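Here are some worked exercises on strands, pairings and surface positions. Keep the sequence and the structure open beside you as you go through each one.

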Amino acid sequence: MTDQIRIFDTTLRDGEQSPGCSMNLEEKLKVAAQLEAMGVDIIEAGFAIASEGDFEAVQAVARQCDTAIVASLARAAIADIERAWAAVKVGRNPRIHTFIATSPLHMRAKLNKTPEEVIDAIARSVGHARNLCGDVEWSAEDATRSDPDFLCRAVETAIAAGATTINLPDTVGYATPETYGAMFRDVINRVPNADKAMFSTHCHNDLGLAVANTLAAIMAGARQVEATVNGIGERAGNAALEEIAMAIRVRHDVLPVRTGIVSTEITRASRLVSGITGMAVQANKAVVGANAFAHESGIHQDGMLKDSSTYEIMTPESVGQGATNLVLGKHSGRAAFRQKLGQMGYNLSDNEFADVFKRFKDLADAKKQVYDEDIVALVDDQVLRGHDRIQVVEAEVHCGSTGPARAILTLSVDGEVKTAATRGNGPVDAVFNAIRSLVPHEDSVLQLYQVHAVTAGTDAQAEVSVVLAEDGRTVRGTGAHTDTLVASARAYVNALNKLMVKRGRSALAATA
Ligand code: KIV
Ligand code: ZN
């Protein structure tokens with residue numbers, strides 16, 4: 001058996017299914033480019049039949065990718081499979097990923113199908129997919145709660161119909177490392193044609209075991225691993241790609257396998273995904289958290305100064321986390337700034353660069369020291385919303401202990417500049433009221449408002465996240481600025497832009 005593990009990234013599909021984490025086409029292309037740069041083998045770009053927007057995104061990612069296989073998800077239905085194929089076939093390395101549930105609970109309660117009907121559906125759907133595409137993955141949804149004998153029959157049917165990869169997901173995060181590993185051993189040993197396919201893991205993190213379960217499956221013979229950047233995904237998320245890649249690298253003594261992941265690209269991928277989705281990475285998150293390489297206690301600091309391996313099992317540099325750098329000041333010119341962006345992995349168009357440079361100059365005027373983190377926040381904030389229909393032009397706020405807060409806000413809405421003056425119960429409320437009066441959206445509810453400082457110091461940039469909900473849709477907006485209220489306005493407006501995109505997608509899906 002090969003010791004090479006294929007990394008299948010599903011940030012753009014399962015990850016995007018996290019509440020409020022939807023991405024637009026441009027954002028998906030940026031993430032896909034970074035995934036390729038990080039050495040991901042397979043990118044699941046979306047669920048092509050879900051909406052016109054999803055179809056276009058899968059197709060665009062397939063067109064863009066040079067080396068990675070690009071997959072679209074499809075249910076066990078002919079229309080789904082044909083839509084998936086239409087989206088991925090434009091790429092160099094297309095894959096159709098089709099699935100159906102195999103647990104008694106899902107077959108009865110969700111699909112309303114007998115086990116025999118499910119076996120039939122597997123044979124038909126996989127066979128149809130294989131007639132279209134040479135690379136077909138089949139997943140047994142809720143595999144970990146399936147009857148082992150039935151699961152073996154289903155897997156045998158899928159391989160006989162032409163599946164080249166068999167994925168056994170722990171859909172609800174129910175498995176433990178022992179049970180998950182045992183399931184792979186059982187299926188691989190008992191299914192007569194198991195040697196004709198590669199086995200894949202796909203773990204959810206409901207009990208916090210997704211990475212441990214993934215590693216157990218590798219030890220039991222799985223050679224493809226499905227994961228997401230920062231572990232984002234449905235409910236408690238998916239297995240975190242960066243944790244699996246680094247566990248394999250650091251503990252090669254007990255996990256004698258390898259991946260093609262370029263570990264120095266990990267932090268960049270993590271920042272990009274959290275910047276786009278607005279899903280902050282917890283400070284104590286393994287590998288990519290802000291504290292992952294911070295040493296607070298005197299004993300640890302003393303040990304680190306003597307020999308860093310006393311308290312570090314991997315270096316920050318190995319995951320692309322340089323020491324926090326003092327970067328540039330207000331006297332820095334365009335060339336130095338462009339060079340810094342290049343070192344940080346940003347490749348901006350001339351227009352994007354001009355906008356970002358102007359904001360960098362404003363920031364350098366407002367703030368004594370500009371760090372890498374500031375630049376990441378600034379570029380994410382500026383570039384990722386360049387095409388938003390609504391933009392914040394100006395914000396002025398009066399607040400304090402005497403009387404209601406007042407905001408005067410100017411927005412550009414589809415190019416038309418409008419101003420509103422409103423009051424509120426505090427400055428944030430006043431700003432949000434101004435946005436509501438300029439762009440009415442009575443059916444939306446503000447579900448979350450969160451502020452965090454990008455760096456230390458009272459002159460730090462504030463990064464604000466806002467979650468809006470409307471008719472079962474949730475969107476997350478982010479904004480960064482040294483003025484917390486300007487950052488708040490930008491975050492709210494960013495969420496509103498995403499909501500408009502989502503409304504458009506739903507309208508299209510309803511029409512379809
Ligand atoms: O969790 C799951 O079962 C899935 C499948 C669709 C692969 O995401
Ligand atoms: Zn999943």
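## Exercise 1: From one pairing to a whole sheet

Strands β15 and β16 (residues 462-470) run antiparallel and are joined by eight bridges. Bear in mind that this is a predicted model.

**Task.** Find the partners of V451 and H452 in β16, then build up the sheet to which these strands belong.

**Solution.**

Step 1. Begin with two residue pairs. V451 stands opposite V464, and H452 has E463 as its counterpart in β16.

Step 2. Go to the other side of β16. Here nine bridges join β16 to β17, again in an antiparallel arrangement. One pair to look for is V467 with R476, its bridge partner in β17.

Step 3. Look at how the chain passes between these two strands. β16 and β17 form a hairpin with two residues between them. In the turn, D471 has a positive phi of about 50°.

Step 4. Put the order together. The result is an open sheet of three strands, β15-β16-β17, with antiparallel pairing. β15 and β17 (473-481) each have a single partner strand, so one side of each is left without a neighbour in the sheet. From one strand to the next, the twist averages 15°.

## Exercise 2: A residue in a covered strand

**Task.** Decide whether E463 is buried, partly exposed or exposed, and list what it touches.

**Solution.**

Step 1. Place the residue: E463 lies in strand β16. That strand is mostly covered, with eight of its nine residues buried.

Step 2. Apply the cut-off. Buried means under 20% relative accessible area and exposed means over 50%. E463 has 25% relative accessibility, so it counts as partly exposed.

Step 3. List the contacts, leaving aside residues up to four places away in sequence. E463 touches A377, Q450, V451, H452, V454, G479 and A480.

Step 4. Add a distance. The C-alpha atoms of E463 and A453 are separated by 6.0 Å, and the two residues are 10 residues apart along the chain.

## Exercise 3: Two partly exposed positions

**Task.** Locate L446 and D362, and work out the exposure class of each.

**Solution.**

Step 1. L446 is found in strand β15 (residues 445-453). Its relative accessible area is 32%, so L446 is partly exposed.

Step 2. Turn to the surface around this residue. L446, Y449 and V451 make a nonpolar patch of about 220 Å².

Step 3. D362 belongs to helix α13 (residues 350-366). With 41% relative accessibility, D362 is also partly exposed.

Step 4. Finish with a pair that is 120 residues apart along the chain: the C-alpha atoms of D362 and T482 are separated by 9.7 Å.

## Exercise 4: A sheet and its helix

**Task.** Describe the sheet that contains β12, β13 and β14, and name the helix that packs on it.

**Solution.**

Step 1. Set out the strands. They form an open sheet in the order β12-β13-β14, paired antiparallel. Its edge strands are β12 (390-398) and β14 (416-424), each pairing on one side only. Neighbouring strands are turned by 15° against each other on average, direction ignored.

Step 2. Check one pairing. Eight bridges join β12 to β13 (residues 405-413), and A395 has L409 as its bridge partner in β13.

Step 3. Add the helix. α15 (residues 427-438) packs on the sheet and touches β12, β13 and β14. The direction of α15 makes about 140° with that of β14.

Notes. Residues are numbered from 1 along each chain as its sequence is written. Chains are lettered from A and ligands numbered from 1 in the order in which they are written. This is a predicted model: local features need pLDDT of at least 70, side-chain atom pairs count only at pLDDT 80 or more; totals for chains, interfaces and linings use all residues. Side-chain values use heavy atoms; hydrogens and water are left out. Two strands pair if DSSP finds at least two bridges between them. Helices (H or I, at least four residues) and strands (E, at least two) are DSSP runs, numbered from the N terminus. Axes are lines fitted to C-alpha atoms, for helices over the stretch in contact, and angles run from 0 to 180 degrees between N-to-C directions. Contact means heavy atoms within 4.5 Å. Patches are made of residues with over 30% relative accessible area and no salt bridge: like charges are joined within 9 Å, nonpolar side chains (Val, Leu, Ile, Met, Phe, Trp, Tyr) within 5 Å. Accessible areas come from the Shrake-Rupley method with a 1.4 Å probe; for residues, only the protein chains shown count as cover. A salt bridge is a side-chain nitrogen of Lys or Arg within 4 Å of a carboxyl oxygen of Asp or Glu. Buried means under 20% relative accessible area, exposed over 50%, partly exposed in between (1.4 Å probe, protein chains only).
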